[in-house]
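Here are some exercises to work through with the model open in your viewer. Try each one yourself before you read the solution.

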Amino acid sequence: MRSSGYVGTPPRRTPRDSGARGDPIGSATGLTPGREPGGEPSAPDPASVGVIDTEQQAAPLAVITYNLWEGRAQGELTDLVGRRDPDVVCVQEARAASLPERVGGLHLAVATSRNRLGVALYVKAERLEIEEALTVQLATSRHDRWVGGTDHRLAATRVRDLATGRGVVLGSFHATPFTDSNAARRRQVDDAHDALRRLGPGLPSIMAGDYNHPILLFMLNQHLQRRGFAMARTASSTYRRDGNLMRGKFDVATVHGFEVEEAVTLPQGVSDHLPVLFRMSYAA
């Protein structure tokens with residue numbers, strides 16, 4: 001719920017920018033180092049992406065999102081990955097400077113570096129080949145102007161699913177907190193989806209994270225449907241903190257080109273958010 005406050009094979013470049021840790025990997029325009037300004041993204045033509053066979057095409061992707069509560073739950077990642085064997089892990093409120101490059105069989109694809117509490121994304125190396133990764137600055141909220149330190153609220157990567165031959169765009173997202181309106185959060189969601197589309201035009205996408213939109217969540221769902229996205233959400237609250245009566249589905253995923261097979265909360269650790277597991281299959 002809390003904002004970020006101030007908040008198979010690895011890619012050719014390191015998950016973080018090769019420059020100073022404070023430099024972002026990408027920008028709000030979806031550009032990354034080495035790309036000419038104004039140039040088109042180097043995503044593959046979706047029509048040219050081969051599919052191995054129908055059975056492999058249906059292989060589901062397991063995605064976990066987890067708000068680490070200002071890094072308190074960061075030490076749980078290894079056990080979480082070992083127990084659940086996900087293909088993707090999206091984290092928010094991470095101590096980005098101390099995130100490990102590997103967690104089990106997952107590689108760190110991208111992490112914000114200018115936020116005090118960062119957003120990051122891990123992918124399973126044996127299944128997902130990283131093609132491009134970037135962080136994105138979204139619409140500036142009131143909280144961002146007042147508090148600062150929230151330059152990038154989206155960490156994203158385009159990958160090749162080695163089990164299917166498909167290109168996929170993935171995002172880890174953290175929306176502005178309750179000091180802002182739901183309308184401000186929806187603008188950030190729209191910005192994030194636009195960035196994912198630029199990163200992989202025409203490709204299916206999954207964006208999981210802390211949307212901070214538990215109140216009137218149906219309005220966000222309606223808004224997403226008008227823009228061609230579906231929402232994956234659990235049946236129960238994803239937030240629970242002693243002494244705090246707030247409950248709701250903060251941690252959700254939005255998808256395009258996928259069907260949601262499962263969305264469940266996992267046992268709570270030290271964070272005030274519960275880890276959430278999604279299983280997604282490619283839409284026919």
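**Exercise 1. Which residue in S8 does Leu-154 stand opposite?**

Keep in mind that you're looking at a predicted model.

*Step 1.* Find the two strands: S7 covers residues 154–161, and S8 covers residues 166–174.

*Step 2.* Check how they pair. S7 and S8 are antiparallel, with eight bridges between them.

*Step 3.* Read off the partner: Leu-154 faces Phe-173 in S8.

*Step 4.* Now look at the connection. Four residues separate the two strands of this hairpin, and Gly-165 in the turn has a positive phi of about 80°.

*Step 5.* Turn to the other neighbour of S7. Strand S6 (residues 128–136) is joined to S7 by eight bridges, again antiparallel. Here Leu-154 shows up once more, as the bridge partner of Val-136.

*Step 6.* Finish with burial. In S7, seven of the eight residues are buried, so the strand is largely enclosed by the rest of the structure.

**Exercise 2. Work out which side of helix H2 is buried and which is exposed.**

*Step 1.* Go to residues 77–84, which make up H2, and pick out the buried ones: Leu-77, Leu-80 and Val-81.

*Step 2.* Look down the helix axis. The buried residues of H2 fall within an arc of 95°, so they line one face of the helix.

*Step 3.* Check the other side, where Thr-78, Gly-82 and Arg-83 are exposed.

*Step 4.* Ask what does the covering. The cover over the buried residues of H2 includes strands S1 (61–67), S2 (88–94), S3 (102–103) and S4 (106–111). H2 lies across these four strands, and runs at about 155° to S1.

**Exercise 3. In what order do the strands of the seven-stranded open sheet come?**

*Step 1.* Trace the sheet from one side to the other: S3-S4-S5-S2-S1-S13-S12, with mixed pairing.

*Step 2.* Find the edges. S3 and S12 (258–265) each pair on one side only, which makes them the edge strands.

*Step 3.* Zoom in on the S3 edge. S3 pairs with S4 in the antiparallel sense, over two bridges, and Val-103 stands opposite Leu-106 in S4.

**Exercise 4. Compare two non-glycine residues with a positive phi, Asp-85 and Glu-93.**

*Step 1.* Note the angles: phi is about 50° for Asp-85 and about 55° for Glu-93.

*Step 2.* Place each one. Asp-85 comes just after H2, in the loop between H2 and S2. Glu-93, on the other hand, lies in strand S2 itself.

*Step 3.* Look at accessibility. Buried means under 20% and exposed means over 50%, with partly exposed in between. At 48%, Asp-85 is therefore partly exposed; at 1%, Glu-93 is buried.

**Exercise 5. How are the rings of Tyr-239 and Phe-250 arranged, and what does their pair tie together?**

*Step 1.* Start with the count: there are three aromatic pairs in the structure.

*Step 2.* Take the geometry of this one. The Tyr-239 and Phe-250 rings are 5.2 Å apart, centre to centre, and their planes make an angle of 50°, so the pair counts as tilted.

*Step 3.* Locate the two residues. Both are in the loop between S10 (230–232) and S11 (251–256), so the pair ties together parts that are eleven residues apart in sequence.

*Step 4.* Check their surroundings: Tyr-239 and Phe-250 are both buried.

*Step 5.* Follow the chain into S11. Five of the six S11 residues are buried, so this strand is largely enclosed by the rest of the structure.

*Step 6.* List the strand partners of S11 shown here. S9 (residues 205–210) runs antiparallel to S11 and is joined to it by six bridges, with Ala-208 opposite Ala-253. S10 is antiparallel to S11 too, over three bridges, and there Met-231 stands opposite Thr-254.

**Exercise 6. Which aromatic rings do Arg-72 and Arg-166 lie over?**

*Step 1.* Begin with Arg-72: this residue sits over the face of Trp-69, 4.0 Å from the ring centre.

*Step 2.* Then take Arg-166, which sits over the face of Tyr-282 at 4.7 Å from the ring centre.

Terms used:
Residues numbered from 1 in each chain as written. Predicted model: local features only at pLDDT ≥ 70, side-chain atom pairs only at ≥ 80, totals over all residues. Heavy atoms only, no water. Phe/Tyr/Trp six-rings, centres within 6.5 Å; stacked < 30°, edge-to-face > 60°. Buried < 20%, exposed > 50% of the residue type's maximum accessible area, 1.4 Å probe, protein only. Lys NZ or Arg CZ within 6 Å of the ring centre and 35° of its normal. Pairing = 2+ DSSP bridges. Arc of directions from axis to C-beta. Contact = heavy atoms within 4.5 Å. Axes fitted to C-alpha atoms, helices over the stretch in contact; angles between N-to-C directions.
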